[in-house]
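Hi,

Here's the structure I said I'd pass on. Have a look at it first, then read my notes underneath.

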Amino acid sequence: MAATLGPLGSWQQWRRCLSARDGSRMLLLLLLLGSGQGPQQVGAGQTFEYLKREHSLSKPYQGVGTGSSSLWNLMGNAMVMTQYIRLTPDMQSKQGALWNRPCFLRDWELQVHFKIHGQGKKNLHGDGLAIWYTKDRMQPGPVFGNMDKFVGLGVFVDTYPNEEKQQERVFPYISAMVNNGSLSYDHERDGRPTELGGCTAIVRNLHYDTFLVIRYVKRHLTIMMDIDGKHEWRDCIEVPGVRLPRGYYFGTSSITGDLSDNHDVISLKLFELTVERTPEEEKLHRDVFLPSVDNMKLPEMTAPLPPLSGLALFLIVFFSLVFSVFAIVIGIILYNKWQEQSRKRFY
């Protein structure tokens, strides 16, 4: 089903589309987000500009850099260009990422304007890019340039099939995964064991704009795409019962190996969706502290034991030695008494 709305539509169209799709009255509001303090109400004239600056990304890419004061941080081989941010160039063994500050929205929608292109022919290009909403950021790794066993949500635009015998899927392929830190992404099977759903998305070397939208409303995750040049959203993934904590980081990353592509991000636009909730829904939709999906069993996390301090280690060794000496002394005393009683029996 295609929503008759492209990313270039008006705000009035957005509001009509949201009401028609979700069956609830939604207003597309842009609220001021405090960096680390959660949403704050401000005057109507300031709301759009602040959210745009703090949690959205668009040309001319101000606030993007590598310093601690940057709103968006670059990592690895990512570079800021005039018309896009290139996560990886069309070269082997590159990886790059772009990460934002923590976001405290409850219901949100992220529009991603991206482009994947390169010189590689069919099945000779890779590996794709990912969009993240995770607890940790700036952690390079093997999962499309990000760490394995992440905590949060990952949406993958996978351009290369690693599983040789798969036939029912056509790549490039979009999939999603929710992780509580206990799962590994299975590269050999293209993430199948842990994916929530997916769809084919022919996005390489197109001469028109390609978009992806990730919507999280009332613990309902929806992913749609506009990759046909028709300015229409087309359904890809829809999963109810997704529980994501607030205060995580939005980011995007990419990696190349023996095969490569240019992975470019043109814009990331974040919106807050305010949704009416009944008192029962308010109780049901309280904040969560660990990502999960209803009706999907994720392995429980076991918290690692904190490392012992030097004093604690010394005390453990000391009392262990004292206990050992005490046990040896008691053993010698009992042995001597046993020998003495044995001699008396012989007399």
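Below is what turned up, starting with the overall picture and ending with the disulfide.

Some ground rules: this is a predicted model, so local features need pLDDT of at least 70 and side-chain atom pairs count only at pLDDT 80 or more, while totals for chains, interfaces and linings use all residues. Residues are numbered from 1 along each chain as its sequence is written, and side-chain values use heavy atoms, with hydrogens and water left out.

The chain has four helices and 21 strands (DSSP runs numbered from the N terminus: H or I with at least four residues for helices, E with at least two for strands). Of its 347 residues, 47% are buried (buried is under 20% relative accessible area, exposed over 50%, partly exposed in between, with a 1.4 Å probe and protein chains only). Looking at contacts (heavy atoms within 4.5 Å) with a separation of 6 or more, 69% are between residues 24 or more positions apart. The accessible surface is about 18,600 Å², and carbon and sulfur atoms account for 56% of it (Shrake-Rupley, 1.4 Å probe; for residues, only the protein chains shown count as cover).

Now the sheet. Eight strands make an open, mixed sheet, in the order β5-β6-β9-β19-β11-β12-β13-β14 (two strands pair if DSSP finds at least two bridges between them). At the edges sit β5 (64–65) and β14, each pairing on one side only. β5 runs parallel to β6 (residues 72–76), joined by two bridges; G65 has N73 as its bridge partner there.

β13 (residues 173–180) is worth a click: eight of its eight residues are buried. That covers both faces, with Y173, S175, M177 and N179 on one side and I174, A176, V178 and N180 on the other. β12 (residues 151–158) pairs with β13 in the antiparallel sense over eight bridges, with G154 opposite M177. β14 is also antiparallel to β13, over four bridges, and there S175 stands opposite G198.

Finally, how many disulfides does a search of the whole structure find? Just one (a pair of cysteine sulfur atoms within 2.5 Å). It links C199 and C236, with the sulfur atoms 2.0 Å apart. C199 lies in β14 (residues 197–200) and C236 in β17 (residues 233–240), so the bond ties together parts 37 residues apart in sequence. The S-S torsion is about -105 degrees, so this disulfide is left-handed. C199 is buried at 12% relative accessible area, and C236 is buried too, at 13%.

Cheers
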